[in-house]
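Please walk through this structure in a viewer, one selection at a time. Each stop says what to select and what is found there.

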Amino acid sequence: MSQFFVSLLIILSGGFLSILLAGYLKSAKIIAVFLLCAGCVWGLIDAVTKLFQSGTYVGSFPYLNVFSLDFQIDGVSAFFLLTIFAISLVASFYSYHYMGHEKNAVKAGINYFFFSILICAMALVVTASNIISFMLSWEIMSLSSFFLVIYNHHLAENRSAGYLYFIFSHVGAMFILAAFGIIYTYTGNFGFGPMDAIPDSAKILIFIFAFIGFGSKAGVFPFHVWLPYAHPAAPSHISALMSGVMIKTGIYGIIRIYMLLNFHTPVFGNILLVAGSVSGVLGVLYALGQHDLKQLLAYHSVENIGIILIGLGLGMIGISSGNPVMAVLGFTGGFLHILNHSIFKSLLFMGAGMVLHQTGTSSIDALGGLLKRMRITGVTFIIGSLAISGLPLFNGFVGEFFIYVGGFKGIALENSALIMSMLGIISLAVIGGLALACFTKVVGVVFQGEPRSKAGKNVGEQGATMLISMSVLATACILIGLFPNLIIQLPIKAVSALGLKFAPDTFDPILQITGNISLAAMIFLLLFLLVAGIRLFLYKGKTITAAGTWGCGFTQPTVRMQYTGSSYASFLLDFFRPVAPLTENHAKIMGLFPKKTHYHSHVNDIAQIYMNRVIVNPILFFFDKLRWIQHGDIHLYIGYILLAIILLLFFI
């Protein structure tokens, strides 16, 4: 464990030095980025080593001379650490030029300070091995990410997004505490040890409470309502880290609770599969109706968390049904999609950050034609779009394919297992189709055509670290898609560490499938190169001219005649109106010579409507009534502390 803690100390030193050297902006950024990257590389090497050594590594520290902070790295923890350190490394490198526009040295230093704390807190969350260390790390993670969300706190919408995130973080934490409270009631200690003494009915209640708490952090529907506001509010390298990695700590919590309970009931798998199907379909549907690029990508996090839950749910159903091949395929697909999603979603948020950096807006309908002016950003964003849509030759396809095969293995089962398997397969098909439609819209409206406003004109690409980071992630999307054998051992090692009993040959179908995928991908790539070579040969020596697009007989087309994001998605949104009600605002066109009109549409998130009514508004109202407590009188503050101590002594 010593190497692990050394990596965290290096990362933390980068954050603290960025504060101490805030008066020297450039030097502070160089030192912070260097130390963050160095710590992440150290931690990444250590995580990969521990994952392949298949051991368990333990560390413990006294806390307040009463408790101990216990940490442990096993195969599951090592897999999540690998993802955390890899994406944090790229995000840190990307941040150097992204933060170049920041003139306030202190503000930039604070960003790197909380950035370093967030990385370390996430790493501690996935290694904590008792209730105290887990909740302490979880709270530090939530608070540090809250301060990063409100980085641009001068904007009212960013403060509002931060408050919403804060509420759901702590409501979720209360459910996690409730689950841990039930565990402590039966075990009598704070450790994550054997839980055989807990009755089966209590185990189900623990899992439900934990699923709600961890699902809130992961962005599972309907607990996702904070996510579309918090991710766009944060700087883009933070959005990449939160969407690509931080929400996966919620998935880690669900997996860890499942491992600890050691209770293989089909109820757990059914809960995850139904929640995943709903989250996946509605997440991509709401993304389709968004007008802000970063908000659209945030909703796609809900979608991909749904895909991961479908895979894990199929794995749990396979275990409870005595179908080990289905279980292995489901779990492996889920774990692989955790890694793949962190890569292509971070790439997409970094691409959106470059667009925002250069154009000053993330409004989809204000952009257009960026591929001609921002070629590297455009090409890498298209690669990320193909990957997130689950198309072959890219990494998103591989994980989803395993989940598909796991679902088809479940068709041979009976009763509820058969129904759940069919639900998973159909949901994945719907999610894939809607995702492809959504990113066709994004690429077509943002990167193709002509600029729809001044924001899209006269722009370029600046920032070498930003371009390199996006290129590295785009390359990873392609390499994993073409050669899945390069990384398939990573999720297999994680699945092996779940503590489930698999025969040695259970993983053989996965290795065979990845070999077939690689072969098919290479054949397709060779055919593509052959066709491209033939085309190049046939056009050799011929003059290629550029001309205006045919306008159906109209000789003076304007940019206003192009598709907008709203018009492109309207026919799909009309079909799903019962679960995605559409609010439209436009004046009727009347008379022979109509006046200038307007059109605005907004897709309503049904979860947001009801969650605001039931949770957010009552909590804000309650705390608004408590404002009188914060009056600035230090004497009364001391009185509050004494009163709290007396009450604690009385109850203890």
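The tour starts with the whole chain, goes on to the pockets and a cavity, and ends in the loops.

**Whole chain**

Keep in mind throughout that this is a predicted model. Show the protein as a cartoon: the secondary structure comes to 23 helices and 4 strands. Align the view to the principal axes, and the C-alpha atoms fill a box of roughly 85 × 70 × 55 Å. The radius of gyration is 25 Å, which agrees with the value near 26 Å that a compact globule of 652 residues would have.

Next, colour by relative accessibility. Of the 652 residues, 54% count as buried. Switch on the surface: the protein exposes about 28700 Å², and carbon and sulfur atoms supply 69% of that area. For a contact map, take the contacts with a separation of 6 or more; residues 24 or more positions apart account for 78% of them.

**The largest pocket**

Which residues should be selected to find the centre of the largest pocket? This pocket has a volume of about 1100 Å³. Its lining has 33 residues, and the closest to the centre are Ser-160, Ala-161, Tyr-163, Leu-164 and Leu-620. Show these five as sticks and centre the view on them.

Now colour the elements around the pocket. Those that give two or more residues to the lining are α6 (156-187), α8 (227-233), α12 (293-320) and α22 (606-625). The element that gives the most is α6, with 10 residues. Colouring the lining by class gives 18 nonpolar, 10 polar and 5 charged residues.

**The second largest pocket**

Select Arg-560, Thr-564, Thr-597, His-598 and Tyr-599, which are the closest to the centre of the second largest pocket among its 27 lining residues. The volume here is about 790 Å³.

Which elements supply at least two residues of this lining? They are α21 (565-575), β3 (582-586) and β4 (599-603). Within the lining, α21 gives the most, with 7 residues. Keep the class colouring on: this lining has 7 nonpolar, 12 polar and 8 charged residues.

**The largest cavity**

How many cavities of 30 Å³ or more does a search of the whole structure find? The search finds 4. The stop here is the largest cavity, which holds about 40 Å³ of space.

Clip the view and select the lining: Trp-138, Tyr-165, Phe-168, Ser-169, Gly-172, Ala-173, Gly-213, Ser-216, Lys-217 and Trp-226. Both α6 and α7 (200-218) supply at least two of the lining residues. The helix α6, already met as the element that gives the most to the lining of the largest pocket, also gives the most to the lining of this cavity, with 5 residues. By class, the cavity lining has 5 nonpolar, 4 polar and 1 charged residues.

**Loops and backbone**

Move to the loop between α7 and α8 and select Pro-222. The peptide bond that leads from Phe-221 into Pro-222 is cis, with omega near 5 degrees.

Next, select Asn-262, in the loop between α10 (248-261) and α11 (266-288). Its phi is near 50 degrees, a positive value in a residue other than glycine. Is Asn-262 buried, partly exposed or exposed? Asn-262 counts as partly exposed because its relative accessibility is 45%, between the cut-offs of 20% and 50%.

Then go to Leu-393, in the loop between α15 (375-388) and α16 (395-409). Leu-393 is not a glycine, yet its phi is positive, at about 80 degrees. The relative accessible area of Leu-393 is 17%, so this residue is buried, the cut-off being under 20%.

The last stop is Asn-104, in the loop between α3 (75-98) and α4 (105-125). With a relative accessibility of 38%, Asn-104 counts as partly exposed. Finish by drawing a distance from the C-alpha atom of Asn-104 to that of Leu-582: the two atoms are separated by 41 Å, and the residues are 478 apart along the chain.

Terms used. Residues numbered from 1 in each chain as written. Predicted model: local features only at pLDDT ≥ 70, side-chain atom pairs only at ≥ 80, totals over all residues. Heavy atoms only, no water. 1 Å grid on protein atoms, 1.4 Å probe; cavity = no way out; pocket = protein on both sides within 12 Å on 5 of 7 lines; lining within 4 Å. Points joined across faces, edges and corners; volume = space filled by probe spheres on them. Nonpolar A, V, L, I, M, F, W, Y, C, P; charged D, E, K, R; others polar. Rg over C-alpha atoms; globule rule 2.2 N^0.38 Å. Buried < 20%, exposed > 50% of the residue type's maximum accessible area, 1.4 Å probe, protein only. Contact = heavy atoms within 4.5 Å. Areas by Shrake-Rupley, 256 points an atom, 1.4 Å probe, with all protein chains shown as cover.
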